[in-house]
Amino acid sequence: MEEIGVRETVRFLGLTFNVETILMTWLVMIIVITISCLAVRSLKLVPCGWQNFIEMIVEWLHDQMEAMMGRRGKLFAPFIVSLFLFLLTSNLLGLIPFLESPTNDLNTTLGLALLVIFLVHFFGLYFKGGHYIAHFFQPVAPFVVINLIEEIAKPITLAFRLFGNILAGEILIIVLLHLMPIWMPVPSVVWLAFSIFISCVHAVIFTMLSMAYLGNAVKED
């Protein structure tokens with residue numbers, strides 16, 4: 001029997017820590033930092049290798065930030081690029097045998113979602129002040145209840161969408177490996193390819209929604 005979703009925990013100062021999630025998160029950070037260092041180690045006018053890969057991601061994200069967040073979007077470029085690379089690497093890590101995706105733990109996805117929402121409200125107040133608070137009462141004052149419910153729902157939907165899809169993909173890979181005989185690897189390989197696609201899609205979705213929420217808070221119009 002293989003347990004799914006059961007993680008080793010330790011207690012420290014009255015708090016519970018998921019050891020595996022912490023280790024996998026640090027591994028993801030090491031991978032992202034290593035790839036980034038390789039990409040900028042010897043920059044060339046005509047990019048190749050890791051530089052080409054990173055430049056494609058950065059240019060695409062910059063285009064999206066400009067379209068969704070206006071001229072202030074460049075201020076969030078380091079955060080958005082780092083978030084996307086972290087999510088993409090985390091989602092794909094669990095497809096490697098004996099490794100787990102940090103994003104198949106709700107603690108990770110909820111933490112990221114709360115970070116995004118905190119930045120939304122912080123920079124909304126920073127750039128717009130009272131006008132940002134006033135928009136919660138639009139179009140009429142009673143709508144503040146609906147708007148507040150929407151704000152509460154944002155981190156919940158962000159977190160559960162990513163967590164649920166990544167966990168489900170990894171569970172189905174394990175199930176297929178147990179059900180399919182060793183001489184019939186095609187279904188598992190097909191699902192593995194589909195899981196890679198889903199991992200990339202949900203990294204994009206989380207990042208795009210984060211940009212949309214930030215854009216609504218900071219755009220000048």
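Colleague: Where does Ser195 sit?
Modeller: In helix H7. Bear in mind that this is a predicted model.

Colleague: Buried or exposed?
Modeller: Ser195 is buried. Its relative accessible area is 6%, and the cut-off for buried is under 20%.

Colleague: What does Ser195 touch, leaving out residues up to four places away in sequence?
Modeller: Leu95, Gly169 and Ile173.

Colleague: And how far is Ser195 from Phe122, C-alpha to C-alpha?
Modeller: 35 Å. Along the chain, Ser195 and Phe122 are 73 residues apart.

Colleague: What about Ser199? Which helix is that in?
Modeller: Helix H7, which runs over residues 186–218. Ser195 has its place in H7 as well.

Colleague: Is Ser199 buried or exposed?
Modeller: Buried, at 3% relative accessibility.

Colleague: Which residues does Ser199 touch, with the same sequence neighbours left out?
Modeller: Asn91, Leu92, Leu95 and Ile166. Leu95 is also on the list for Ser195.

Colleague: Let's step back. How many helices and strands in the chain?
Modeller: Seven helices and two strands. The pattern along the sequence is β-β-α-α-α-α-α-α-α.

Colleague: What are the spans along the principal axes?
Modeller: The C-alpha trace covers about 65 × 50 × 40 Å.

Colleague: What share of the residues is buried?
Modeller: 36% of the 221 residues.

Colleague: And the area the chain exposes?
Modeller: About 13,300 Å². Carbon and sulfur atoms supply 73% of that area.

Colleague: Contacts between residues at least 6 apart in sequence: what percentage join residues at least 24 apart?
Modeller: 69% of them.

Colleague: On to the strands. How do E1 and E2 pair, parallel or antiparallel?
Modeller: Antiparallel, over four bridges. One bridge has Thr9 with Asn18 of E2 as its partner.

Colleague: What happens between the strands of that hairpin?
Modeller: Two residues lie between E1 and E2. Leu13 takes a positive phi in this hairpin, near 55°.

Colleague: Stay with Asn18. Which stretch is its strand?
Modeller: Asn18 is found in E2, residues 15–18.

Colleague: Why does Asn18 count as buried?
Modeller: Because its relative accessible area is 17%, and buried means under 20%.

Colleague: Which side chain makes a polar contact with the side chain of Asn18?
Modeller: That of Asp105, at 3.1 Å.

Colleague: What else is in contact with Asn18, beyond its neighbours within four places?
Modeller: Glu8, Thr9 and Asn107 are on the list along with Asp105. Thr9 is the bridge partner mentioned above.

Colleague: New topic. Which residues make the nonpolar surface patch?
Modeller: Val10, Phe12, Leu13, Leu15, Phe17, Ile22, Trp26, Met29 and Ile33. The patch comes to about 910 Å².

Colleague: Which elements supply at least two residues each?
Modeller: Strand E1 (9–12), strand E2 and helix H1 (19–40).

Colleague: Which gives the most?
Modeller: H1, with four residues.

Colleague: Take Val10 from that patch. Where is it?
Modeller: Val10 is in strand E1.

Colleague: Why is Val10 called partly exposed?
Modeller: Because its relative accessible area is 36%. Partly exposed falls between the limits of 20% and 50%. Patch residues need over 30%, so Val10 at 36% clears that cut-off too.

Colleague: How many salt bridges?
Modeller: One. The side chains of Glu151 and Lys154 make it, at 3.0 Å from N to O.

Colleague: Where are Glu151 and Lys154?
Modeller: Both are in helix H6. Three residues separate their positions, about one turn of the helix.

Colleague: Are Glu151 and Lys154 buried or exposed?
Modeller: Both are buried.

Colleague: Last one, Ala153. Which helix, and what residues does the helix cover?
Modeller: Ala153 is in H6, residues 144–179. Glu151 and Lys154 lie in H6 too.

Colleague: What does Ala153 count as in terms of accessibility?
Modeller: Partly exposed, at 31% relative accessibility.

Colleague: How far is Ala153 from Leu99?
Modeller: Their C-alpha atoms are separated by 31 Å. Along the chain, Ala153 and Leu99 are 54 residues apart.

How values were computed. Residues numbered from 1 in each chain as written. Predicted model: local features only at pLDDT ≥ 70, side-chain atom pairs only at ≥ 80, totals over all residues. Heavy atoms only, no water. Buried < 20%, exposed > 50% of the residue type's maximum accessible area, 1.4 Å probe, protein only. Polar contact = N/O pair within 3.5 Å; in protein donor to acceptor, adjacent residues only side chain to side chain. Contact = heavy atoms within 4.5 Å. Patch = residues over 30% accessible without salt bridge, like charges linked within 9 Å, V, L, I, M, F, W, Y side chains within 5 Å. Areas by Shrake-Rupley, 256 points an atom, 1.4 Å probe, with all protein chains shown as cover. Salt bridge = Lys/Arg side-chain N within 4 Å of Asp/Glu carboxyl O. Pairing = 2+ DSSP bridges.
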